[in-house]
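Reader: I would like a close look at a single part of this model. Please take one strand, go through its side chains and its neighbours, and keep it plain.

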Amino acid sequence: LWPAPPLTRDWNQNSLVLRLNWGEKAVLLMADTGKATEKILLKNGDSIKACGIQIGHHGAIDASSRTFLEAVDPSWAVISINRDNFRGYPAPETLELLENLGIKTRITFKDGNSTWQPALTGGIH
C-alpha cells in the first residue's frame, strides 16, 4: 500500500506498508510509518480493514491515530520493540488509545515472538 512516489527525506514515512491477505483474513504491517502516512492511506481509499495490525514506528506518540485504527478495526495489535530501547517506546498515549479501543495488544520484548498467533484465530475482516 505504501510508499508512493515521490519519496520524502523522512525514511520512516517511506517505510513499506503491507496488507497481507489470506482467505477472509488480513493483517496490516505499518513498519516505521506514522500518522502522516495513515492520513494518506485513508484518503487513497485502499482497503485497510484487518483483524490485526503491527503498530507503526514502534508505538511512538506519532504512531497511530484513533481515526485510522477505527478504520482498520483490528481485534489485536503488535508493537515491535526491544527491552532496552533508548527512546522509551511505546508511548503511554499509544497504549492508552489501543486499550480504549479494545484492541488486544502484545509488545514483542514482553510477549516474545509468538505474538502473531492471533492472526490465525483472530476476527475475520
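Author: What follows describes strand S4 and its surroundings, then a surface patch elsewhere in the chain. The model is a predicted one.

Strand S4 covers residues 76-79. Trp76 and Val78 point to one side of S4, while Ala77 and Ile79 point to the other. In a regular strand, side chains alternate between the two faces of the sheet. Trp76, Ala77, Val78 and Ile79 are all buried, which means that each has under 20% relative accessible area.

S4 has strand partners in S3 and S5. Strand S3, residues 52-54, runs parallel to S4 and is joined to S4 by three bridges. In this pairing, glutamine 54 of S3 stands opposite valine 78 of S4. The path between these two strands involves helix H2, residues 66-72: S3, H2 and S4 make a β-α-β unit that is right-handed.

Strand S5, residues 104-107, is also paired with S4 in the parallel sense, here over four bridges. Alanine 77 has threonine 105 in S5 as its bridge partner. From S4 the chain crosses through helix H3, residues 92-100, to S5, and this β-α-β crossover is right-handed.

For contrast, consider the surface patch. Leu16, Leu18, Leu20 and Trp22 form a nonpolar patch there, and together they have about 340 Å² of accessible area. Leucine 20 lies in strand S1, residues 18-22. Its relative accessibility is 40%, so leucine 20 counts as partly exposed, whereas the S4 residues Trp76, Ala77, Val78 and Ile79 are buried.

Technical notes:
Residues are numbered from 1 along each chain as its sequence is written. This is a predicted model: local features need pLDDT of at least 70, side-chain atom pairs count only at pLDDT 80 or more; totals for chains, interfaces and linings use all residues. Side-chain values use heavy atoms; hydrogens and water are left out. Buried means under 20% relative accessible area, exposed over 50%, partly exposed in between (1.4 Å probe, protein chains only). Two strands pair if DSSP finds at least two bridges between them. A crossover is right-handed if, with the strands pointing away from the viewer, the path from the first strand over the helix to the second runs clockwise. Patches are made of residues with over 30% relative accessible area and no salt bridge: like charges are joined within 9 Å, nonpolar side chains (Val, Leu, Ile, Met, Phe, Trp, Tyr) within 5 Å. Accessible areas come from the Shrake-Rupley method with a 1.4 Å probe; for residues, only the protein chains shown count as cover. A salt bridge is a side-chain nitrogen of Lys or Arg within 4 Å of a carboxyl oxygen of Asp or Glu.
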